[in-house]
Amino acid sequence: MIPPIASNFVAGETPAAALAHVESLNDRGVAGILNLLGEHYEERPPADADADAYVDLVEAIADRNLDACVSVKPSQIGLDVGDDAFRENLARIVEAASDSASGDSEGTGTFVWIDMEDHETTDVTLDAFERHAVETDGNVGVCVQANLKRTREDLERLADLPGKVRLVKGAYDEPAAISYKEKSRVDESYRDCLAYMFEAFDDGVAVGSHDPAMIEHATELHAEHGTPYEVQMLMGVREAEQFDLAADPDVDAAVYQYIPYGTKWFSYFYRRVRERKSNALFALRAVVGR
Ligand code: FAD
């Protein structure tokens, strides 16, 4: 069982718990992005097992008619085992998601996001996205990271493809030769990338950030260009703002909460606590009830 201190950031150990969390979010106007916790499998059986779990999950989302999608990590579904394992498992998930009855309000099947891991996986991840974006006519999305110097150029390739792109600042400590290390430089890159995306993308922009300045920038860019956009934040981080944004009639963006679940919750929770003291205090306050 997940202790209360971690349950602010992780929806539960089972798909049933995660789906119940989505239901409660949907009631408040927020959509869900479900992520089964797990990464860097070096053997094929656990990668295949997690891919199976995603196949079941996309069908469960559609069966319950939830406003939700999934987000998978390449190394969770076989990338560390080999490119073939990754490709085969991703294809299975994307196919099941596209075939699922009506995972979203448009009835196009459950949407599949591909998370982005460290820079050694960028090319293979973008190639996989491109293949499935074309095949499914846009029922997949990919994450790109503003801290990587290559990202602005990658966006030019992605602009011509169907599907959605999530821009994040980047969670991996990358070599200085290929990445921006200073926070202010990463923020500048995020702003530049966002401006380009609002200008050049038709299928929408996903703002994967808790940063009020970036969300404000996106709102201004939307007013200027009209490009549809969504804001995505993590479960347990600035949740009040997630609900406020969803309820604000002046904000023309869908709001998504990224919801991790599963038995491998400890390292994810530990990462959230380490990256920000306030996360630990927030979790602690929830436990002592103040
Ligand atoms: P930061 O620069 O960390 O913070 C900026 C401001 O945001 C802060 O000053 C504060 O005002 C506010 N803020 C941030 N955190 C908190 C908090 N805990 N409590 C209160 N206020 C806060 N990274 C990847 O590399 N690959 C991925 O696939 C990926 N997917 C992601 C998906 C989603 C939906 C999200 C939200 C993030 C994802 N990330 C991913 C992580 C991302 O790269 C960043 O590491 C993470 O989001 C922190 O950056 P930030 O933009 O939120 O702002």
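User: A polar contact is a pair of N or O atoms within 3.5 Å. Which side chain has an N or O atom 3.1 Å from a nitrogen atom of the ligand?

Analyst: This is a predicted model, where local features need pLDDT of at least 70, side-chain atom pairs count only at pLDDT 80 or more, and totals for chains, interfaces and linings use all residues. Residues are numbered from 1 along each chain as its sequence is written, and side-chain values use heavy atoms, without hydrogens and water. The ligand nitrogen is paired with the side chain of Arg-166.

User: How far from an oxygen atom of the ligand is the polar side-chain atom of Lys-169?

Analyst: Ligand oxygen also meets the backbone, with a polar atom of Ala-171 at 3.0 Å. For the side chain of Lys-169, the separation is 2.8 Å.

User: How much of the ligand does the protein bury?

Analyst: Taken alone, the ligand exposes 940 Å² (Shrake-Rupley, 1.4 Å probe). The protein buries a share of that area equal to 80%.

User: Which element gives the largest share of the shell around the ligand?

Analyst: Strands (DSSP runs of at least two residues) E4 (140–145), E5 (164–168) and E7 (229–234) each give two or more residues to the shell. The largest share is 3 residues, and these come from E7.

User: How much space lies in the largest pocket?

Analyst: A pocket is an open set of points on a 1 Å grid where a 1.4 Å probe fits, with protein on both sides within 12 Å along at least five of seven lines. The ligand sits in the largest pocket (more than half of its atoms within 2 Å of the grid points). The space in this pocket is about 1,800 Å³.

User: Which helix gives the most to the lining of the largest pocket?

Analyst: The lining (residues with an atom within 4 Å of a point) has 48 residues, and Arg-272 and Glu-275 are among the closest to the centre. Helices (at least four residues) giving two or more lining residues include H6 (183–200) and H8 (239–247). The most, 5 residues, come from H9.

User: How many residues of the lining of the largest pocket are charged?

Analyst: The shell around the ligand divides into 10 nonpolar, 7 polar and 7 charged residues. In the pocket lining, 16 are nonpolar and 14 polar, while the charged residues number 18.

Methods:
A polar contact is a pair of N or O atoms within 3.5 Å; within protein, one must be able to donate a hydrogen and the other to accept it, and residues adjacent in sequence count only if both atoms are side-chain atoms. Ala, Val, Leu, Ile, Met, Phe, Trp, Tyr, Cys and Pro count as nonpolar, Asp, Glu, Lys and Arg as charged, and the others, Gly among them, as polar. Grid points are joined across faces, edges and corners, and a volume is the space filled by probe spheres set on the points.
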